[in-house]
Amino acid sequence: MISIRPHLWYSEKAEEAARLYVSLIPNSRINNITKMPGESPSGPPGSVTIVDFVLAGQPYLAMTAGPMEPFNHAVSFVLTCDDQAEVDRLWDALSEGGTPERCGWLRDRYGVCWQIVPNALGRLMGDPDRVRAGRVAQAMLKMVKLDIAGLQAAYDAA
């Protein structure tokens, strides 16, 4: 049977990053942390750490193995939230020490790109009334952290 899991290469602090993520997202855990026992292109024995973890039921691998290619927006993780309190909680925790960006995007302190998105956004932008949906899209484009009340207000505007 074939399985697939995202693999994240950190120049440093993969274990710290995984511990933060599992602390924030329900149905998450760290399964195993392994220090590579032999020498590798990244350094002497013990210099590479491999973290096997699960976020919201999805398995991941992370590795601290020195500089490689930096994370970028070509691959990001979308966290969908039921309410503003959840958006705020995840936004605050993941953006701390990172960089908030427009339209619900942020780069965390480890360089990983995230989108923190309320479920309401898809519902409002998917409305068959394209004028209302367009107002929501325009409101979203002006936001940094997405605000459900602001999106709803744009939807309801006459």
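Visitor: In E8, which residue is the bridge partner of Phe77?

Guide: Trp114 is the partner you want. Keep in mind that this is a predicted model. To read a pairing, find one residue, then look across to the neighbouring strand. Here the neighbours are E5 and E8, residues 113-118, which pair in the parallel sense over 5 bridges.

Visitor: What is the order of the strands in that open sheet?

Guide: Read across the strands rather than along the chain. You get E5-E8-E7-E6, 4 strands with mixed pairing. At the edges are E5 (77-81) and E6 (99-100), each pairing on one side only. Helix H2, residues 84-95, packs on this sheet and touches E5, E6, E7 (105-107) and E8. The direction of H2 makes about 165° with that of E8.

Visitor: OK, another sheet now. Which strands stand at the edges of the one with the order E1-E4-E3-E2?

Guide: Look for strands with a single partner. This open sheet also has 4 strands and mixed pairing. E1 and E2 (29-35) have just one partner strand each, so one side of each is left without a neighbour in the sheet. From one strand to the next, the twist averages 20°.

Visitor: How many bridges join E2 to E3, and do they run parallel or antiparallel?

Guide: Count 6 bridges between E2 and E3 (residues 49-55), and the two run antiparallel. For one pair to find on screen, try Thr34, which stands opposite Ile50 in E3. Helix H1, residues 14-24, packs on this sheet, touching E1, E2, E3 and E4, and its direction makes about 10° with that of E3.

Visitor: Along strand E1, which side chains point to one face and are buried?

Guide: Step along residues 7-10 and watch the side chains alternate. Leu8 and Tyr10 go to one face and are buried; His7 and Trp9 go to the other and are not. E1 is joined to E4 (residues 58-64) by 4 bridges, and these strands run parallel. Leu8 has Ala62 as its bridge partner in E4.

Visitor: Let's zoom in on Thr64 in strand E4. Why is Thr64 called buried?

Guide: Compare the residue's relative accessible area with the cut-off: buried means under 20%. Thr64 has 14%, so Thr64 is buried.

Visitor: Which residues does Thr64 touch?

Guide: Leave out residues up to four places away in sequence, and the contacts of Thr64 include Tyr10, Ser11, Ala14, Ser47 and Val48. With Ala14 there is something extra to spot: the side chain of Thr64 reaches the backbone nitrogen of Ala14 at 2.8 Å.

Key. Residues numbered from 1 in each chain as written. Predicted model: local features only at pLDDT ≥ 70, side-chain atom pairs only at ≥ 80, totals over all residues. Heavy atoms only, no water. Buried < 20%, exposed > 50% of the residue type's maximum accessible area, 1.4 Å probe, protein only. Pairing = 2+ DSSP bridges. Polar contact = N/O pair within 3.5 Å; in protein donor to acceptor, adjacent residues only side chain to side chain. Contact = heavy atoms within 4.5 Å. Axes fitted to C-alpha atoms, helices over the stretch in contact; angles between N-to-C directions.
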